[in-house]
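Student: Could you show me how to read the features of a structure like this one?
Tutor: Gladly; let us open it and go through it together.

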Amino acid sequence: MRNRRLIWLVLFILILMGACSDGDPISYSDDIKPLLNKKCLRCHGGIRSLGGFSLLFPEQALAPTESGKLAIVPGKPAASELIARVKHHDPDLVMPQEGTLLTKDEIALLEKWIRQGAEFDKHWSYRPLLPSPPPSVKMNDWVKNDIDRYILDRMSKTGLTPNETADLSTLVRRLSFDITGLPPDVQHLHTLVGNDWAKEQIETIIDDLLASPHYGEHLAALWLDLARYADSNGYEKDMSRSIWRYRDWVIDAFNADMPFDQFTIEQLAGDLLPDPDKEQLIATAFHRNTMTNTEGGTEDEEFRTMSVLDRVNSTFELWQGTTISCVQCHSHPYDPFKHEDYYRLVAYFNNTQDADIDSEYPYLLEHSDSIKARMDERALEIHQLDSRYLGVKSSGDTKEKVRQLVFPRLFGDFADDFQSVLINSGGGFNNSAYNANNQKNKQYYLVFSDIDLDDIDGIRYHYFSRGDDALIEVYLDNLEGEPVLQTKMIEPAKKDWDWLTTSMMPQSGTHDLIFHFVNTSGDFRTGVVDLKEVELLRNNKPLDTKVRSLQDSLLRLYRSGILTPVMKDRTDLLSRQTHVFDRGNYLVKGDEVRAGVPQILNQNNAEVNDRLDFARWLVREDNPLTARVMVNRIWSHIFGEGLVSTPEDFGTQGALPTHPELLDYLAYHFSHDWNWSVKRLVKEIVLSATYQQSSKASPEKLELDPYNEYYSRGNRVRLSAEQIRDQALAISDLLNPKIGGKSVMPPQPDGVWQVVYNSDTWEAKKTEDKYRRGLYTFWKRTTPYPSMTAFDSPSREFCVSKRIRTTTPLQALVTLNDTVYIEAAQALGAFMEKTGKENLQEAIKKGFHKALLVDPDQQTVEVLEKLFYQANAPRPQLVSLRQETIKLDPYTVVANAIMNLDAFLTKS
């Protein structure tokens, strides 16, 4: 009897414990946060905190509200005002006041979470990356690597099974497009693996494709969208910009399989590395891809600030998958980022020298061997005329060498720092930065560091001014105390360029030379002075005219180099303070802030003091977002959709990963075991059985998984704008395979590029350059290349994480009529005619196989044969508005039809 009572007592306790445990634990990030985002955060989040209550951060959610009541009391839903208000029957008191009320199930979920202690766990993407073993699966014979285990585990839970492996020709075509962006080179493959391909040779083919220089081009096409790369500087004028060396740097970096952590650091802070080489400086052009507004009357500081903000937004979208731009004006509505966090990030980028000026200064100039030889000749002649220049080293940094060879003449393009001064590409400078409302109070400085002032006792200005209200003050080393020289710039009597000489006390030693431009009247018309150069005088004597002439020749050669805008920090003398902008308005500055990263992402409280620290922090092992985001980008690049379908948003409003464990598995190995190797990551993906499946979709699979989120088949994806064009050129043997170089201008319709401000014109070259890959097409932001725009290529005014895919009639008009597609069809048609040997059906089969790597069925042959005869039939005379009629060769018509097939435009 006692035993029976004891059994009943134990059962009662167990039942009571079960009731108290309240079932499975509720996750705040997985279960509660999506509900709050949907129903509550528009009034109680980062933008508004009505009633003194915000759900954005745990400390705010658990704090007393304005009424003094606690909205959330952990463990006590009945004492929580939040529960009382969502249950309230009074329409004036029930929450939410805006939108739909919570359902009974949703209220029960909140109560259960509070009863369990109201724990605030981290959002999935902020959690640390940890190694974990892949799941066990039953179909081990299908598995090729661990990716397949994760895919198969999820697939089996939905009642799906994987497809068979794609046929070899389809798989090789798919691999070639996904790795190089081009159709396979059949002749090269025959050389590589013989005429009879076998699936056992797939890895050999993959390794060969990864070693191709075209691999880097294909990855660069992805990256340049993210980097907002363009050959023009945007806004209304949209002037041409020389920045193609950055594009080539990206191609080279991917081909060399530069580790992604190094790839990150060099782009964001290559200029801050110890003794950076020119390639590391060119890498920093990543953030010089921001737009520059050179329209008259615009405020340079406004658009400089916009560029800095764009750098923050682009960096966080690209590396952290975070929508940070809204935090410019207020705390994030849904994610744990405070308004102040944004400006702490701004501080990392706010101290660079670029200033929204026409010349794109600071920049790097590179020179060909022939130009270098001519510069060396001028240097030798200068040495021979003046022995004081013999100490200039013949090797080393070209800019510094030229600067020393033209000393004691000073030019703007050799300045070490400047503020509000406009520097032009010819080395001239002025204080005309426009601000009609505050011209007098604006501060204009130009700094030259480490200047030898021995025996300097005068300064000569080559200048022009339209009034007498400009004053130039000269300081040494700092702006404290009195200037060593003041010169009033009087309007030249001849209303033309003139020289003005001013004596000063003899100087000695090496100093930083600071020129302060003062507009004494505040009138931008009379208080501005233009300077071509400043000459420091020794013993009050100017340079010998012969030396000056040789220096001028040397400068012309130096300035003829290839120009690339680069990043460069300001000196301590002119360093900027960073303030919070009230509601995002740069004119209304709040508290000063120092550089720092959001606490939610800095889990180990790492010190991140400057831009170089910040770049290194992005790729630290304890920053889990960078690896997750990059792996997702590569997965999307290959499959057409990421494991997270919102690559720009890994926050609480973004899509959840379809396979979170697989994403973490790949991200961990990418950033640890694979040493950030993108090639290793790509190879792992394309070697998987998941990737190599056939794309055939049964009715059952279309019903169970219409978007192929479980990867029970290969993905069919339309090729990108560049790939469609490149494929047409490649299969017609017209493609120019040259890697790198200046952007080119293939034919486009007349009148597309409207020139307003300069003499730039679209000059279509009738050379092999017009058959370069689409990657090299000149990218003008206001008028992108029309045939690629039709296929959804972006303008690249801002960072683009994901191109949309549309289907419009314009796309067919492009592939049927655009010059490049007609010329490609003519070339393919000529191939068909030649190889068919007067056998039309054989010619059609040859052309079809060349285009698609598979043979056509008989029905397709007959349809194309009929088209041939229709194209060859006599036509009635047509009236043309252009006073011309064009009849294409029948083979060209058939080739053009083949190149417009869905199979041709799609990767299957």
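What follows is a conversation about sheets, helices, cores and loops.

Tutor: One thing to keep in mind from the start is that this is a predicted model.

Student: Thanks. Let us begin with sheets: in what order do the strands of the open sheet of five run?

Tutor: The general idea is that strands of a sheet pair through backbone hydrogen bonds, either parallel or antiparallel. Here the five strands follow the order 3-6-11-8-9, and their pairing is antiparallel. Strand 3 (417-419) and strand 9 (485-489) are at the edges; each has a single partner strand, so one side of each lacks a neighbour in the sheet. From one strand to the next, the twist averages 20°.

Student: How many bridges join strand 6 to strand 11?

Tutor: Seven bridges link strand 6 (residues 444-452) with strand 11 (residues 510-519), and the two run antiparallel. If you would like one pair to look at, take Y444, whose bridge partner in strand 11 is F517.

Student: Next, a loop beside that sheet's strands. Where is P483, and is P483 buried or exposed?

Tutor: P483 sits in the loop between strand 8 (470-476) and strand 9. Its relative accessible area is 17%, and because buried means under 20%, P483 is buried. Apart from neighbours within four places in sequence, P483 is in contact with E473, V474 and Y475. You can also compare sequence with space: P483 and I514 are 31 residues apart in sequence, and their C-alpha atoms are 9.3 Å apart.

Student: On to helices. What span should helix 18 have?

Tutor: The idea is to set an expected length against the distance between the ends. Helix 18 (residues 545-559) has 15 residues, which at 1.5 Å a residue should span 21 Å; the end C-alpha atoms are 21 Å apart, which agrees.

Student: And what caps the N-terminal end of helix 18?

Tutor: The cap is D544, with a side-chain oxygen 2.9 Å from the backbone nitrogen of K546. Along the helix, the buried residues are V547, R548, L550, Q551, S553, L554, L555, L557 and Y558.

Student: That brings me to cores. Which residues have the most contacts inside the largest nonpolar core?

Tutor: They are W223, Y246, F614, I634 and F670, in a core of 120 residues. Helix 20 (residues 624-639) gives the most to this core, contributing nine residues. A second, separate core has 54 residues, including A379, F414, V474 and L550. You have met two of these already: V474 is a contact of P483, and L550 is a buried residue of helix 18.

Student: What does F670 touch?

Tutor: Not counting residues up to four places away in sequence, F670 touches F260, A627, M630, V631, N675, W676, S677, V678 and L681. W676 deserves a stop of its own, with a positive phi of about 60° although it is not a glycine. W676 lies in the loop between helix 21 (660-671) and helix 22 (678-686), and is buried, at a relative accessible area of 5%.

Student: Which other residue has a positive phi although it is not a glycine?

Tutor: Try K837, where phi is about 50°. K837 belongs to the loop between helix 27 (819-836) and helix 28 (840-852). With 70% relative accessibility, K837 counts as exposed, whereas W676 is buried.

Student: Now the peptide bonds. Where is the peptide bond cis?

Tutor: The angle to read is omega. From Y361 to P362 the bond is cis, with omega near 0°, and P362 falls in the loop between helix 15 (339-349) and strand 1 (363-366). Another cis bond joins F407 and P408, with omega about 15°. P408 is in the loop between helix 17 (398-406) and strand 2 (409-410).

Student: Let us finish with T906. Which residues does T906 touch?

Tutor: Leaving out residues up to four places away in sequence, T906 touches R173, R716, V717, R718 and L719. T906 is in strand 17 (residues 906-907) and, at 5% relative accessibility, counts as buried. The side chain of T906 also reaches the backbone oxygen of D902, at 2.7 Å.

Technical notes. Residues are numbered from 1 along each chain as its sequence is written. This is a predicted model: local features need pLDDT of at least 70, side-chain atom pairs count only at pLDDT 80 or more; totals for chains, interfaces and linings use all residues. Side-chain values use heavy atoms; hydrogens and water are left out. Helices (H or I, at least four residues) and strands (E, at least two) are DSSP runs, numbered from the N terminus. Buried means under 20% relative accessible area, exposed over 50%, partly exposed in between (1.4 Å probe, protein chains only). A polar contact is a pair of N or O atoms within 3.5 Å; within protein, one must be able to donate a hydrogen and the other to accept it, and residues adjacent in sequence count only if both atoms are side-chain atoms. Contact means heavy atoms within 4.5 Å. Two strands pair if DSSP finds at least two bridges between them. Axes are lines fitted to C-alpha atoms, for helices over the stretch in contact, and angles run from 0 to 180 degrees between N-to-C directions. The expected span of a helix is 1.5 Å times one less than its number of residues. A nonpolar core is a set of buried Ala, Val, Leu, Ile, Met, Phe, Trp, Tyr and Cys residues joined through side-chain atoms within 4.5 Å.
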